[in-house]
Amino acid sequence: TSEAVPKVFDVECVEMLTRYKIKTDLMSVIRKSERFDLEVAKRNVKAYLSELLVLTEKEKQFLEDFRNNDYHPELLFEGEMLERIYNHPMALWKTRNTK
């Protein structure tokens, strides 16, 4: 959904979460007896995402190509999934309409 395809994933954006945002968006959906520690949650999320968001060479190539308006889903998918996503309308639109 971003304007540009990212070159790196910055897990530090987790720091933008505020106590106010947690109070207004999260507290209403968790039990009253549960304690939510924002600082611990931020540390855990950043650690998890840092491990999860390590890109393979094919994933890096896909993002580089996509940044250059070239759509090559075969770098990420194969078989039936590739057949289904090869002509994905949003990916095709994005690569044709991005400066």
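Begin by selecting Phe 62, which in this predicted model has a relative accessible area of 14% and therefore counts as buried, since the cut-off for that word is under 20%. Add Tyr 71 to the selection, and you will have a second buried residue, this one at 15% relative accessibility. Phe 62 and Tyr 71 form an aromatic pair, with 6.3 Å from centre to centre and 70° between the planes, an arrangement called edge-to-face.

Now select Phe 66 as well, which is buried with a relative accessible area of 14%. The ring centres of Phe 66 and Tyr 71 lie 6.1 Å apart and their planes stand at 70°, so this pair is edge-to-face too. With Phe 62, Phe 66 and Tyr 71 shown together, you are looking at one aromatic cluster, and a search of the whole structure finds 3 aromatic pairs.

Next, select Leu 63, which lies in helix 3 and counts as buried at 15% relative accessibility. If you then draw a distance from its C-alpha atom to that of Glu 34, which is 29 residues away along the chain, the viewer should give 40 Å.

From helix 3, move to Asn 69, which sits in the loop between helix 3 (57–67) and helix 4 (79–85). Asn 69 has a phi near 65°, which is a positive value in a residue other than glycine, and with a relative accessible area of 25% this residue is partly exposed.

The next stop is helix 5, residues 89–97, where you can colour the buried residues Ala 91, Leu 92, Lys 94 and Thr 95. Where do these buried residues fall when seen down the axis of helix 5? They fall within an arc of 160°, so they line one face of the helix. If you also show helix 3, you will find that the buried residues of helix 5 pack against it. Turn the view to the face of helix 5 that points away from the buried side, and there you will meet the exposed residues Pro 89 and Arg 96.

For the last stop, select Leu 53, which lies in the loop between helix 2 (38–52) and helix 3 and, at 32% relative accessibility, counts as partly exposed. Its C-alpha atom is separated by 9.1 Å from that of Val 11, although Leu 53 and Val 11 are 42 residues apart along the chain. Finally, add Phe 9, Tyr 48 and Leu 52 to Leu 53 and switch to a surface view, where these residues make a nonpolar surface patch of about 400 Å²; of these, Leu 52 is found in helix 2.

Terms used
Residues are numbered from 1 along each chain as its sequence is written. This is a predicted model: local features need pLDDT of at least 70, side-chain atom pairs count only at pLDDT 80 or more; totals for chains, interfaces and linings use all residues. Side-chain values use heavy atoms; hydrogens and water are left out. Helices (H or I, at least four residues) and strands (E, at least two) are DSSP runs, numbered from the N terminus. Buried means under 20% relative accessible area, exposed over 50%, partly exposed in between (1.4 Å probe, protein chains only). The arc is that of the directions from the helix axis to the C-beta atoms. Contact means heavy atoms within 4.5 Å. Patches are made of residues with over 30% relative accessible area and no salt bridge: like charges are joined within 9 Å, nonpolar side chains (Val, Leu, Ile, Met, Phe, Trp, Tyr) within 5 Å. Accessible areas come from the Shrake-Rupley method with a 1.4 Å probe; for residues, only the protein chains shown count as cover. A salt bridge is a side-chain nitrogen of Lys or Arg within 4 Å of a carboxyl oxygen of Asp or Glu. Rings of Phe, Tyr and Trp (its six-membered ring) pair if their centres lie within 6.5 Å; planes under 30 degrees apart count as stacked, over 60 as edge-to-face and the rest as tilted.
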